[in-house]
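Me: I should like to examine a structure through a short series of questions. Please reason through each reply before giving the value or name requested.

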Amino acid sequence: MTRMSQPSGPPQPSGPPRASGLPQPSGLPQPSGLPRASRQPELIIRPAVLDDETALAELDRSTWSVLHSVQPKPQPPYDPFFTQRNRVEHILVAELGGCPVGYIRLVPSSPLACNTHVRQIQGLAVDERTRGKGVARALLGAAFEEARRQGATRITLRVLGHNTPARRLYASEGFAVEGVLPGEFLLAGEYVDDVLMGRSLDR
């Protein structure tokens with residue numbers, strides 16, 4: 001289940017994309033009467049490393065919401081972020097000013113040889129403090145490039161029906177609804193659809 005910060009229990013671009021992040025003061029003196037100049041730190045998308053464990057685990061917990069998660073809210077003692085199932089080589093990290101502010105998890109859709117041309121996004125989380133800064137879109141773009149590098153021609157995801165912001169983002173990135181499992185989950189007393197989305201990687 002994909003997350004917009006996203007469901008699912010729980011990728012490495014050949015050339016990491018970069019985008020503008022949050023504005024920060026440059027620290028340079030400005031002429032009197034003129035607005036102070038600002039410098040925007042680079043948003044870097046990079047492969048995850050084992051040292052990201054703590055930051056990504058904290059990000060995962062801080063972004064938990066019934067809007068995108070089918071799992072109960074995490075409670076201590078917390079499980080490790082990286083596991084045999086949630087492997088470091090499947091994660092791309094968004095880093096802003098040297099700090100992880102998001103991640104995306106890209107995995108093979110299944111272990112079948114006849115399905116190796118498909119990759120699936122099974123996790124997308126973005127720090128709430130950097131929402132609206134293009135982090136999620138940059139992570140998606142990096143996932144597309146990595147999936148192509150791996151030889152994939154198609155990419156899919158699952159998203160909860162009531163997660164309108166995520167569905168809008170995915171649609172704007174070329175994903176189309178390819179199936180709906182009505183009332184698949186009972187969350188906070190309400191039945192929620194499981195929406196299947198996908199797109200070609202030909203473009």
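Me: Which residue in E5 stands opposite arginine 46?

Reply: This is a predicted model. Strand E4 (residues 42-47) and E5 run antiparallel and are joined by five bridges. Within E5, the residue opposite arginine 46 is valine 93.

Me: How many residues of strand E5 (residues 91-96) are buried?

Reply: Both faces of E5 are covered. On one side, Ile91, Val93 and Glu95 are buried, and on the other Leu92, Ala94 and Leu96 are buried. The strand is therefore largely enclosed by the rest of the structure, and the number of its residues that are buried is six of six.

Me: Which glycine in the hairpin of E5 and E6 takes a positive phi?

Reply: E5 pairs with strand E6 (residues 99-108) in the antiparallel sense, over six bridges. Leucine 96 stands opposite cysteine 99 in E6. Two residues lie between the strands of this hairpin, and the residue with a positive phi near 60 degrees is glycine 97.

Me: What arc around the axis do the buried residues of H3 cover?

Reply: In helix H3 (residues 164-172), the buried residues are Ala166, Leu169 and Tyr170. They lie on the same side of H3, because the arc they cover around the axis is only 95 degrees.

Me: Which strands and which helix do the buried residues of H3 pack against?

Reply: The residues concerned are Ala166, Leu169 and Tyr170. They pack against helix H2 (135-149) and against three strands, namely E7 (118-126), E8 (154-160) and E10 (190-200).

Me: Is glutamine 120 buried or exposed?

Reply: Glutamine 120 is placed in strand E7. Beyond residues up to four places away in sequence, it touches Arg105, Leu106, Val107, Ser109, Thr156 and Leu157. Its relative accessible area is 14%, and the cut-off for a buried residue is under 20%, so glutamine 120 is buried.

Me: Which side chain does a polar contact of 2.7 Å join to that of glutamine 120?

Reply: Glutamine 120 belongs to strand E7. The polar contact of 2.7 Å runs between side chains, and the partner of glutamine 120 is glutamine 122.

Me: How far apart in space are aspartate 60 and valine 126, C-alpha to C-alpha?

Reply: Aspartate 60 is found in helix H1 (residues 53-62). It is partly exposed, with a relative accessible area of 23%. Aspartate 60 and valine 126 are 66 residues apart in sequence, and their C-alpha to C-alpha separation in space is 8.8 Å.

Technical notes:
Residues are numbered from 1 along each chain as its sequence is written. This is a predicted model: local features need pLDDT of at least 70, side-chain atom pairs count only at pLDDT 80 or more; totals for chains, interfaces and linings use all residues. Side-chain values use heavy atoms; hydrogens and water are left out. Buried means under 20% relative accessible area, exposed over 50%, partly exposed in between (1.4 Å probe, protein chains only). Helices (H or I, at least four residues) and strands (E, at least two) are DSSP runs, numbered from the N terminus. Two strands pair if DSSP finds at least two bridges between them. The arc is that of the directions from the helix axis to the C-beta atoms. Contact means heavy atoms within 4.5 Å. A polar contact is a pair of N or O atoms within 3.5 Å; within protein, one must be able to donate a hydrogen and the other to accept it, and residues adjacent in sequence count only if both atoms are side-chain atoms.
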